[in-house]
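Hi there,

Here is the structure I promised to pass on to you. Please open it alongside this message, and my notes on the disulfides and two of the helices follow below.

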Amino acid sequence: MAATTAVLPLTLTSPAQAAESLPLGAAVQQLDVANESREGYTRDKFKHWNTGADPSDGCHTRNEVLLAEAVEPPAVGAGCRLTGGTWWSYYDKTEVAGPSGLDIDHMVPLAEAWDSGASAWTAKRREAYANDLGADPSLVAVTAQQNRQKADQDPATWLPLSKDAHCRYATEWTATKLRWNLSIDAAERRALSGLAARCPGTVVTYEPAQ
């Protein structure tokens with residue numbers, strides 16, 4: 001799901017920004033702290049799933065994530081119907097056979113994104129966020145149980161079942177917030193700072209979304 005680079009004409013007005021890397025603790029400090037508000041939120045304000053990175057292949061975003069993250073690739077049938085295949089859910093260190101046991105988790109849930117700044121976005125930008133194939137951490141295939149336990153919680157109130165996943169999860173959460181210029185609340189910052197202290201040497205790499 002990594003973005004590709006192409007030579008573009010000089011008339012381009014919004015060139016891609018270079019990826020940035022910094023230690024997790026420093027990355028957390030880069031995030032603005034602000035109060036959250038869910039006023040006006042509904043899930044349908046984030047259109048998903050759309051036709052994905054390649055509208056001609058018949059695969060919507062969910063299936064494109066599954067294809068990209070498969071450990072053993074599934075068979076792809078008519079209408080991009082997926083059968084077979086295996087996946088690794090890093091939240092709970094579980095191997096999953098077949099796509100039906102998986103959910104595609106928005107690393108920063110849609111409601112949390114709304115609370116943290118997406119309420120001010122255009123509908124088009126919210127759709128881009130909900131279908132972000134430009135950064136691997138944005139969308140992740142995990143067991144349905146873990147995704148539904150997480151719901152719309154941030155790291156102050158929920159972390160993956162596997163403790164081995166916590167450093168990676170904190171890094172990917174922070175990278176997603178930085179990529180989309182989303183804020184954090186005070187409790188979230190304390191939780192992420194605590195995780196950074198327990199994850200020495202962990203580096204956050206992100207590319208700002210266009």
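Searching the whole structure, which is a predicted model, turns up two disulfides. Counting the bonded cysteines along the chain, the pairing pattern is 1-2, 3-4.

Let me start with C59 and C80. Their sulfur atoms sit 1.9 Å apart, and the link is right-handed, with 90 degrees about the S-S bond. The pair connects distant parts of the chain, 21 residues apart: C59 belongs to the loop between α1 (24-30) and α2 (61-69), while C80 belongs to the loop between β2 (75-76) and β3 (82-83). Are these two cysteines buried or exposed? Both C59 and C80 are buried.

The other bond joins C167 to C199, with an S to S distance of 2.0 Å. Here the torsion about the S-S bond is about -90 degrees, so this disulfide is left-handed. Because C167 lies in helix α6 (residues 166-179) and C199 in the loop between α7 (186-198) and β8 (203-206), the pair ties together parts that are 32 residues apart in sequence. How do the two ends fare for accessibility? C167 has 26% relative accessibility and counts as partly exposed. C199, at 4%, counts as buried.

Next, the helices. In α2, the buried residues are T61, R62, N63, E64, V65 and L66. The elements that cover the buried residues of α2 include β3, β4 (86-89), β6 (102-106) and β7 (139-143).

Helix α6, which holds C167, can be checked against its expected length. Its 14 residues should span 20 Å at 1.5 Å a residue, and the end C-alpha atoms are 20 Å apart, so the two agree.

How many of the 14 residues of α6 are buried? Twelve are, and the helix is mostly covered. Among them are H166, Y169, W173 and R179, as well as the run from A170 through E172. What do the buried residues of α6 pack against? Their partners are α1, α3 (110-115), α4 (123-130), α5 (144-150), α7 and β8. Two of these names, α7 and β8, also flank the loop that carries C199, if you would like to look at the disulfide and the helix packing in one view.

One last backbone detail: N181, just after α6, takes a positive phi of about 55 degrees.

Happy browsing, and best wishes!

Technical notes. Residues numbered from 1 in each chain as written. Predicted model: local features only at pLDDT ≥ 70, side-chain atom pairs only at ≥ 80, totals over all residues. Heavy atoms only, no water. Disulfide = S-S within 2.5 Å. Helix = DSSP H or I, 4+ residues; strand = E, 2+ residues; numbered from the N terminus. Buried < 20%, exposed > 50% of the residue type's maximum accessible area, 1.4 Å probe, protein only. Contact = heavy atoms within 4.5 Å. Expected span 1.5 Å × (residues − 1).
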